[in-house]
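This report covers strand pairing, burial and helix packing in one model. The structure comes first, and the text follows it.

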Amino acid sequence: MTQIVELPLWLFILILLFATVTALSHFLLPSVRWFFRLRLERAVRRLNKRLKRPIEPFKLARRYDMIQRLIYDPEVTREIVNYAKKNGVPENVAFQKAREYAREIVPSFSAFAYFSFGIRVARVLANSVYRIKTADGNDATFDAIPKEATVVFIMNHRSNMDYVLVTYLAARDSALAYAVGEWARVWPLSILIKSLGAYFIRRRSRGALYRKVLQRYVQLATAGGVNQAMYPEGGLSLTGRLQPPRMGLLSYVIDGFDPAGERDVVLVPVAINYDRVLEDLVLIAADARGDRRFGAQITVVVGFILRKLWQRLTYQETRFGTAAVAFGTPLSLRDAGPEATVEGLSEELMGRIAQAMPVLSVPLISYALLEGGAMSSADLCLRITALVQQVPQGNRALSMDDLEMEISRALEGMQSRALVTNEGGQWRAMPDQVPVLRFYANSIAHFLPEISAPVSYTHLTLP
């Protein structure tokens with residue numbers, strides 16, 4: 001027992017390393033985790049005092065516990081058995097597949113990351129790229145929703161900046177959970193996005209087991225009071241118009257709603273419009289090809305964000321125009337009644353988004369030039385004034401007192417992009433940029449008469 005045992009140095013270091021890891025995992029790390037979790041819980045309690053909608057315990061649950069709860073859910077368990085029978089595999093193999101799906105979907109929300117880092121980045125980035133305008137009634141609409149209800153923002157999808165805008169605008173009221181696609185699964189972006197409460201979805205997955213795991217997560221989160229944001233169009237608009245709704249995630253929320261339950265679910269339509277959509281040329285090109293393949297790379301996106309942040313920090317002018325957000329009339333699932341259908345509610349929500357759509361300078365200029373051809377600055381201003389009069393007062397996201405200045409600023413930005421040109425005092429659309437102007441005019445076309453005689457560029461076919 002007292003004999004000396006000689007070991008190679010590398011083996012001694014390896015044994016010491018394993019012993020250290022074991023000691024840390026069994027003794028020190030649990031205490032450290034408990035210490036930091038206690039501090040986190042105190043910080044969240046302080047944070048909840050200033051939020052209009054406190055963070056619910058469901059959102060703060062440990063990710064491991066949420067995954068376990070999800071894969072042992074009775075509905076998921078039944079689907080695991082069906083998957084095993086259908087594919088001729090043991091049930092433990094099907095169970096492991098469900099666990100993989102759950103690990104992929106369930107976020108690891110961090111209140112610290114969301115409110116200390118995520119919100120600050122969203123605020124700086126949003127104000128670096130746009131002048132932000134919100135409808136006057138947004139606060140009143142949100143404040144009128146019962147505090148105990150789960151809020152689901154139903155938004156039109158114009159740009160990937162939609163995520164940033166709504167996260168920033170909702171920051172003082174609550175924490176939002178988003179469904180994000182494959183683009184957000186790139187490391188290290190995936191770590192940040194999951195810490196902000198987003199959950200990944202496979203848009204092309206048709207497997208029943210995957211859909212069941214996703215469905216139950218959405219339903220459990222909704223029942224647990226997690227405020228969410230969804231895009232019923234299912235993807236970015238390629239034409240600038242609102243797209244027909246897809247049932248998708250919204251059907252999970254509606255199907256899982258219990259009218260007799262303690263918690264109501266309130267769907268809030270959110271209309272977003274831009275003077276410039278960052279991805280406009282990419283979207284228009286995809287529409288011309290007839291596909292949804294986007295050529296943007298993550299390195300380009302990250303480079304753009306870093307460049308804008310730097311320009312903002314060095315007090316350079318970086319903004320591309322105005323971005324406007326308006327809330328429509330909320331829709332309570334409890335008030336809708338048991339006879340309401342997913343299809344009917346989806347159509348109703350898209351209609352309310354259309355009714356709330358903000359009207360901005362660039363879409364108005366695009367519409368006017370497509371409708372009337374070349375115009376002087378004075379005639380263009382008069383035509384836009386007439387168009388604005390046809391738009392409901394609550395949808396006008398531009399100042400009538402400073403309309404001439406706003407039009408001038410918008411024309412300057414459009415001219416710098418070579419969308420329009422001024423020749424002999426006449427503003428006209430550049431012939432090869434008519435599809436771009438059509439893209440912006442489409443966002444407000446439902447408020448205005450159909451353009452019966454588009455600009456006569458005979459060598460172009462308007463989309």
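Strand E6 and strand E8 (residues 331-332) are joined by 2 bridges and run antiparallel. Within this pair, valine 266 has serine 332 of E8 opposite it. The model is predicted, and local features are described only where pLDDT is at least 70.

E6 has further partners. With strand E2 (residues 150-155), E6 pairs in the parallel sense over 6 bridges. Valine 266 of E6 appears here again, standing opposite valine 151. With strand E7 (residues 322-327), E6 pairs in the antiparallel sense over 5 bridges. In that pairing, tyrosine 274 is set opposite alanine 323 of E7.

The pairings of two strands, E6 and E3, are collected below.

| Strand | Partner | Sense | Bridges |
|---|---|---|---|
| E6 | E2 (residues 150-155) | parallel | 6 bridges |
| E6 | E7 (residues 322-327) | antiparallel | 5 bridges |
| E6 | E8 (residues 331-332) | antiparallel | 2 bridges |
| E3 | E5 (residues 228-230) | parallel | 2 bridges |
| E3 | E4 (residues 199-200) | parallel | 2 bridges |

How many of the residues of E6 are buried? Strand E6 spans residues 265-274, and 10 of its 10 residues are buried. In a regular strand, side chains alternate between the two faces of the sheet. For E6, one side carries Val265, Leu267, Pro269, Ala271 and Asn273, and the other carries Val266, Val268, Val270, Ile272 and Tyr274. Both faces are covered, as the residues on either side are all buried.

The loop between E7 and E8 contains threonine 329. Is threonine 329 buried or exposed? Its relative accessible area is 53%, and the cut-off for exposed is over 50%, so threonine 329 counts as exposed. Leaving aside residues up to four places away in sequence, threonine 329 touches Pro269 and Arg352. Pro269 is one of the buried residues of E6. Arginine 352 is 23 residues from threonine 329 in sequence, and their C-alpha atoms are 6.7 Å apart.

Strand E3 (residues 177-180) also has both of its sides buried: Ala177 and Ala179 point one way, Tyr178 and Val180 the other. Alanine 177 has glutamine 228 as its bridge partner in E5. Valine 180 is bridged to phenylalanine 200 in E4.

A separate topic is the open sheet of 3 strands, which has the order E9-E11-E10 and antiparallel pairing. Strand E9 (375-376) and E10 stand at the edges with a single partner strand each, so each has one side without a neighbour in the sheet. E9 and E11 are paired in the antiparallel sense over 2 bridges, and serine 376 stands opposite glutamine 426 in E11.

E10 (420-423) and E11 (426-429) are also among the elements that cover the buried residues of helix H19. The cover further includes E6, helix H12 (280-289), helix H16 (361-372) and helix H18 (403-416). H19 (residues 434-441) is largely enclosed by the rest of the structure, because 7 of its 8 residues are buried. Those buried in H19 are Val434, Val436, Leu437, Arg438, Phe439, Tyr440 and Ala441.

The remaining topic is the packing of helix H3 (residues 63-71). Its axis and that of helix H5 (residues 91-105) come within 9 Å and cross at roughly 135°. H3 and H5 are therefore oblique to each other, and H3 passes H5 in a right-handed crossing. From H3, the residues Arg63, Ile67, Gln68, Leu70 and Ile71 take part in this contact, and from H5 they are Phe95, Ala98, Arg99, Ala102, Arg103 and Glu104. By class, this contact of H3 with H5 has 6 nonpolar, 1 polar and 4 charged residues.

H3 also meets helix H10 (residues 208-223), where the axes come within 10 Å and cross at roughly 120°. This angle makes H3 oblique to H10. The crossing of H3 and H10 is right-handed. Which residues of H3 and H10 meet? Met66, Arg69 and Leu70 of H3 are in contact with Val213, Arg216, Tyr217 and Leu220 of H10. The contact of H3 with H10 divides into 5 nonpolar, no polar and 2 charged residues. Leu70 is listed in the contact of H3 with H5 and in that of H3 with H10.

Conventions: Residues are numbered from 1 along each chain as its sequence is written. This is a predicted model: local features need pLDDT of at least 70, side-chain atom pairs count only at pLDDT 80 or more; totals for chains, interfaces and linings use all residues. Side-chain values use heavy atoms; hydrogens and water are left out. Buried means under 20% relative accessible area, exposed over 50%, partly exposed in between (1.4 Å probe, protein chains only). Helices (H or I, at least four residues) and strands (E, at least two) are DSSP runs, numbered from the N terminus. Two strands pair if DSSP finds at least two bridges between them. Axes are lines fitted to C-alpha atoms, for helices over the stretch in contact, and angles run from 0 to 180 degrees between N-to-C directions. Angles under 35 degrees count as roughly parallel, over 145 as roughly antiparallel, 65 to 115 as roughly perpendicular and the rest as oblique. A crossing is left-handed if the near helix is turned anticlockwise from the far one by less than a right angle, and right-handed if clockwise. Contact means heavy atoms within 4.5 Å. Ala, Val, Leu, Ile, Met, Phe, Trp, Tyr, Cys and Pro count as nonpolar, Asp, Glu, Lys and Arg as charged, and the others, Gly among them, as polar.
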